[in-house]
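Here is a short tour of one sheet, the helices around it and one residue within it. Have a look at the model first, and then let us walk through it together.

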Amino acid sequence: MTLSRRALVQRGGTLALLLGVRELAWGATIVAVRVWPADEYTRVTIESDAELSAKHFVADSPSRLVVDIDGLELSPALRELVGKVGSDDPFIAGVRVGQNLPRVVRLVFDLKQHCAPQVFTLAPVAAYRWRLVFDLYPTTPPDPLLALVREKELAEQQAAAAVRDALGELIGRIDKPLPALPPAGPASAPVRQTPAPPPEPPAMAQSRIDRLVIVAIDPGHGGEDPGAVGPSGLREKDVVLAIALQLRERLNAVPGMRAMLTRDADFFVPLHQRVAKARRVQADLFISVHADAFFTPQARGASVFALSDKGASSSAARWMAERENAADLVGGVNLKAKDAHVMRTLVDMSTAAQIKDSLKLGSEVLSRIGKVGRLHKARVEQAGFAVLKAPDIPSILVETAFISNPEEEARLRDPAYQAELADALSAGVQRYFARNPPLARSRAL
Ligand SMILES: [Zn+2]
């Protein structure tokens with residue numbers, strides 16, 4: 001039946017028009033099902049060769065999301081979804097799939113907590129066909145500022161515990177009888193060397209900042225958006241997350257500094273939300289970490305970008321910004337969600353001061369990265385990157401290397417090189433703060 005109906009549709013263009021999209025979807029084939037669990041939200045994607053139409057509702061006791069997909073037969077590909085939900089998924093306890101009516105497939109997601117689901121479709125883009133997306137958000141979204149406060153408290157508790165342990169050990173030593181001295185001889189008795197005090201950490205110590213300085217680190221892409229993929233299959237989203245996690249460690253080790261990641265796992269974060277998260281924690285800096293592809297496999301070296309308010313500094317910079325700004329299309333954003341307009345508002349709010357500070361930050365980072373690897377351009381480039389548009393936060397986007405270059409892909413894969421890049425980024429940030437101490441301001445942290 002599916003075949004004959006399809007054949008009919010293919011035979012006459014007029015007939016296809018009359019039947020409309022709903023009818024055309026009948027007999028759609030499932031290409032893939034994917035699940036992206038994360039603390040922030042879990043996404044389920046059903047990819048098909050034609051647009052699917054779905055209705056959904058949330059039911060209580062027990063909490064569950066019920067989705068009816070029209071014009072679909074139950075297929076083994078769809079059943080795979082059941083096995084793709086991990087037991088550690090923060091939102092989904094399990095999935096049940098069944099043929100509810102002859103032409104309707106029903107999916108029931110048993111939920112672990114109350115959810116505010118968003119269900120939407122995405123038209124074919126990049127390597128993807130049609131996508132039907134279910135995003136399961138918690139009814140109260142996690143607050144990045146609260147998370148940062150908790151992290152800080154935890155770090156302080158750990159530090160206090162370390163001091164207590166050290167004190168306890170010292171007290172234990174006092175209570176112990178002194179070790180017997182070796183018999184006096186011609187040679188002088190060995191003197192116990194007191195270890196030298198650890199060297200003062202650079203930069204931050206000199207600038208005497210009496211508040212916590214917050215750096216937002218933004219690992220590009222994630223989830224449905226792999227970013228660029230290298231000739232041997234290395235994915236940008238994985239490399240930049242690895243570098244970002246190491247950078248967070250480096251910066252958190254600097255006294256008075258704390259790093260916040262816009263994503264700490266493999267899930268997609270829309271561009272405007274990356275900016276919003278940084279602004280929510282009143283970040284002093286924003287660094288977006290990438291490793292993109294270029295037209296030709298020969299392109300090599302790192303680049304640093306800042307925002308531009310009057311066109312791109314080169315056609316390559318403009319091309320790169322357009323490429324990065326397309327992340328939302330590939331990653332998949334629900335355009336009907338109420339916060340989708342935020343980015344458009346931010347576009348007009350960029351200030352000259354932000355760009356000036358971003359260029360300073362950019363050159364500090366560029367000079368450090370230039371010591372680790374080759375540079376693509378010896379100066380900070382500028383273009384209209386959506387993710388750099390926080391009007392009040394100096395923001396840069398770092399292309400650590402070209403993953404499209406086989407040699408650079410191999411380096412990016414190497415954990416030692418990732419560590420060197422994290423060191424360079426951290427040194428650049430510290431150097432920037434040493435030269436441009438953040439202003440005092442009252443904040444809850
Ligand atoms: Zn990228």
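In this predicted model, strand E9 (residues 213-219) and E10 run parallel and are joined by five bridges. Within this pair, Ile-214 of the model stands opposite Arg-258 in E10.

Let us step back to the whole sheet. It is open and made of six strands, in the order E10-E9-E11-E14-E12-E13, with mixed pairing. Strand E10 (257-261) and strand E13 (381-383) are the edge strands, each pairing on one side only. On average, neighbouring strands of this sheet are turned by 30 degrees against each other, direction ignored.

Helices H6 and H8 pack on this sheet, and the table sets out their contacts and angles.

| Helix | Strands touched | Angle between directions |
|---|---|---|
| H6 (residues 236-252) | E9, E10, E11 (285-290), E14 (395-399) | about 160 degrees with E10 |
| H8 (residues 315-325) | E11, E12 (303-307), E13, E14 | about 50 degrees with E13 |

Now back to Arg-258, whose place is in strand E10. Is Arg-258 buried or exposed? Arg-258 counts as buried because its relative accessibility is 11%, and the cut-off for buried is under 20%.

Which residues does Arg-258 touch, not counting those up to four places away in sequence? Its contacts include Leu-212, Val-213, Ile-214 and Val-215. Arg-258 also touches Leu-148, Glu-151, Lys-152 and Ala-155, as well as Asn-252. Ile-214 thus appears both as a contact of Arg-258 and as the residue opposite Arg-258.

Conventions: Residues are numbered from 1 along each chain as its sequence is written. This is a predicted model: local features need pLDDT of at least 70, side-chain atom pairs count only at pLDDT 80 or more; totals for chains, interfaces and linings use all residues. Side-chain values use heavy atoms; hydrogens and water are left out. Two strands pair if DSSP finds at least two bridges between them. Helices (H or I, at least four residues) and strands (E, at least two) are DSSP runs, numbered from the N terminus. Axes are lines fitted to C-alpha atoms, for helices over the stretch in contact, and angles run from 0 to 180 degrees between N-to-C directions. Contact means heavy atoms within 4.5 Å. Buried means under 20% relative accessible area, exposed over 50%, partly exposed in between (1.4 Å probe, protein chains only).
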